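This report looks at one helix and at backbone angles in a few loops. Please keep the sequence and the coordinates in view while reading.

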Amino acid sequence: MDELRVASRRRGAIAALLVVDQFEELFTQADPAVRAEFLSLLCTALQRDPALWIVATIRSEFLTPLLASSFAPLVQRPVMVGALGREALSQIVEEPAALAGLRFAPGVVARIVDDTGSGDALPLLAFTLQQLFLRVRDSGVVRREDYDRLGGVSGALVRQAERVTAEMGIRGISESDVLRIVSRFVTLDGTEPTRRRVRRETFGSAELVVVDAFVEARLLTTRPGDGGVVVDVAHEALFRHWAPLRQDLDARADYLRRRSQVERWAQDWERSGRDRNHLLRDERLRAVMGWVNEQPGLWEESPLAREFLETSRRNDIAWLERLSDSLAQQARLTTEVDPELALLLAITAVEECAPRPAAFAALHAALEASRQRAILAGHTAWVWDVVWSPDGHRLLSASHDHTARVWDLERGEQTCLLRGHSRQVEAAAWSPDGTLVVTASQDGTARVWNSTTGEEVVVLLGHEHRLTSVAWSPDGALVATGARDHTVRLWNPRTGESRALLAGHQDWVTSVRFSPDSTRLATASGDRTVRLWDLSALVSDGSATEVTGHRGWIDSVDWSPDGTRLVTGSRDRTARMWDAATREQRLVLHGHQRDLTAVTWSPDGSRVASASRDNTARLWSADEGAAQLVLRGHRDWVTAAVWSPDSRRVATASRDTTIRVWDARPSPERLILTGHTGWVRTVSWSPEATALATGSRDGTARIWDAHTGTQTRLLLHEGEVRGCHWSPDGRLLVTGSYDRTVRVWDVRTGAALLTLTGHQEGVRRALFSPDGSRIASCGRDDTIRVWDVRTGEQLTVLQGHEAMVRALTWSPDGSRLLSGSNDATARMWCAEDGTQIAILHPHDDGVNAVGWSPDGTLAATASRDRTVRIWRVPEQSQPQAPELLHLLEQVDVVRDLAWSPCGTRLALAYDDCTVRVWHLAEEVELAVLRGHEAWVEGVAWSADGAQVLTASGDGTARVWDAVVDKAALLAVARGRVSRGLTAQERHHFLLPEAG
């Protein structure tokens, strides 16, 4: 190439001829950049030197891609070299031989010409003449028998290859191994195999035996190159004429093509100076690696390709980790604005990029913010209203598409289509027994329907303008409708009879609501007032009392469940609470960025929901007016927000044509156990998971029904209860108290069966042994004591800790104890004789909690130093100390820990008011249980590992559903989203196109 560059700069030189043989190797061996550079140099040289001639030989099948390129003008006066005639072939055989002093006996040349056939066999002919020369150079004459013994033109290469293969067989190398090694010298870009140069040092010692034998037989050649020795095929004709090799290549054609492609990429990367922009990434890399992993031989055959792919993989992992962290950051920033997008980003970070801690933290944050539980789609236009059925199992929606629909929430399906209105349906309501529904429409009518069959029961006619609202009285006797004619009408919903006309508003009536006792009606209007009507006489004298104060239209009104208060929502962007008797304003709720469209009071009276044109719904405390939750996800105005009968869910309607159902609970626990008057210090599940035990600073232990949360037993101490634990058979409960006693209780009767005394200070933990025959306790007197359950006798005292013993657990086989102390150590003891087995030293502060894995092979310790340490525990017969396996740095001080029954998960109780569940093998934080209002003091698993019980300084114990593994966590997350990332979003966040 350097000489060619020099030639391109020459001026005024005499005519020169440059011959480029095997021009096709520009397409089979060179990458596109090198090929373009070489051809550009040829073009430049020709332009600068009119006396330069270039003759190139190229296989005909590679002429088309050359002519299709921008270098087609290089091809001038092409000459197709066809089959050579007999006379030309005779000259090719005889004249070079004569120069070498070689003669042919009569008839031999004709025989050779006949066997050669045409010019495409010239490589074979060259090899044959070379072999003949080596055989007869002493005599200088080629006789017929010499030629026949060689096997002729077509058989020369084949015989040589077969001879070497046979010799290899004698040496224990099979034909398949020989073919595998020889095929490394083949590349396949088009339809025909071509040569591939291989560095000698890439072969193993056993493979070099074959390579050297083929080199000695002149079937392979060697030459210096690339800093070592390069081995090449001497004759490509071998690929076509040696049948076993040809068959092997045919069988492996797909592999050879793919290998050639990977090698070209690797060479591009090498020539670029190993620029990482040439590395593979994303789906392209994964597709290649999927193929490569099925072809392990490639690693040995192509060291550069191996290095290229390994570097690509490392680069891709690093890129994916960076992308995962970036997506996690974007998700955290998006959580409060668009929880669904945040979830999608976090899911993508974990599943498509890398399961990094930041990605899981973002996933938990998004899950906490994402309250959406279902989307009901089917309406073809804006949805104006949605209402829960009295039993909470169905929803009724009203839409701009002229229909109302009934939905089954369990199945998420439409069960009834109410069609009959001629214009958009603005509002809807259920009868108290759920058998009927009523709808109000802009066609000026209200209609009553059978909620199961969809049959129209009665039409309510009388308003002079479009209807805007409708309500059914709680006693079922009346239906009220409001309209743009400024009036309210009361109807008998069974007969359709008009019972009363309520007039007085000066603008559209936008909302109507009956009081809980059905004796009053509240109506809201565009005239900025709410009117309260006494329905006892069912007549209107226009003297209804007014509620005023809003500075804009009032679009919604609702009663508190006890009928003492009202809430209103207005286009002045506020919701307001009023005393229903005095009509005095109690609270103003600020937060929405646009007009409010709806307000409703929760059935339990504790909260209010509001909907707004800012595309959100908000939940508020009804007593303080504090904002609790913002429900984000709708893509257009939220037109309605209604509570489920149990106050645990909210349904919203929107102009985006969907109805959405949200989890409205302040925190996601399944049960909250309230009743203690002090901090809850300790918790325990019964073995059958039907009952729960708690111990508190209030000096009591309590037993609760695990399904209902009902308290069933109250057990009294004279000091705070710091430990409680069930016996294996579930009949007894042991408690430890700061009154210095350990007590054993009959769970069925609540009677104290034993009071164990001996501790000199308060008792912090008390636990039954796995077989239920013993109790171990520890306390502020720095000791651990073991007791006989049957007799109450103190069996042994374990001494050695230099400060209060805060934590204690039995080994699963009951032979050992593990304790944690304020002296910053955990210690392992023989439970039988009380001897100390080992000291676990590394913590930098007091050890708050200890736990033994269910299989007894691991132990966990947690400390005020904000670490959790996992130890490998040797069998009791082995003298070595436990080995530290993992050190898990934590976000805050860990106060307690518990192994799941399956041993794969660890629940940790934190000072930051959370409980976090870790999957140890997957190294994933599966859950962040957030809801306690003070530090979490204790944690315990149900026997089936499906639930977690927690104790807190907020005076409550709570039961939570537990996530099993990463797949379950991601399944929960995917269940919260209704879509995938769009192509535009994927592009914006630097993600590859979805497959």
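The buried residues of helix α5 are L89, S90, V93 and A97, where buried means under 20% relative accessible area, exposed over 50% and partly exposed in between, with a 1.4 Å probe and protein chains only. Seen down the axis of α5, these buried residues fall within an arc of 105°, so they line one face of the helix; the arc is that of the directions from the helix axis to the C-beta atoms. An α-helix has 3.6 residues a turn, so residues three or four places apart point the same way. On the other side of α5, E87, A98 and L99 are exposed.

This is a predicted model, in which local features need pLDDT of at least 70 and side-chain atom pairs count only at pLDDT 80 or more, while totals for chains, interfaces and linings use all residues. Residues are numbered from 1 along each chain as its sequence is written, and side-chain values use heavy atoms, with hydrogens and water left out.

Helices (H or I, at least four residues) and strands (E, at least two) are DSSP runs, numbered from the N terminus. Helix α5 covers residues 86-99 and reaches 20 Å from its first C-alpha to its last, close to the 20 Å expected at 1.5 Å a residue, that is, 1.5 Å times one less than its number of residues. Just after α5, G101 takes a positive phi of about 80°.

Most residues other than glycine have a negative phi. Two residues with a positive value are listed here.

| Residue | Phi | Loop between | Relative accessible area |
|---|---|---|---|
| R528 | near 70° | β24 (520-525) and β25 (529-534) | 42%, partly exposed |
| N615 | near 75° | β32 (607-612) and β33 (616-621) | 25%, partly exposed |
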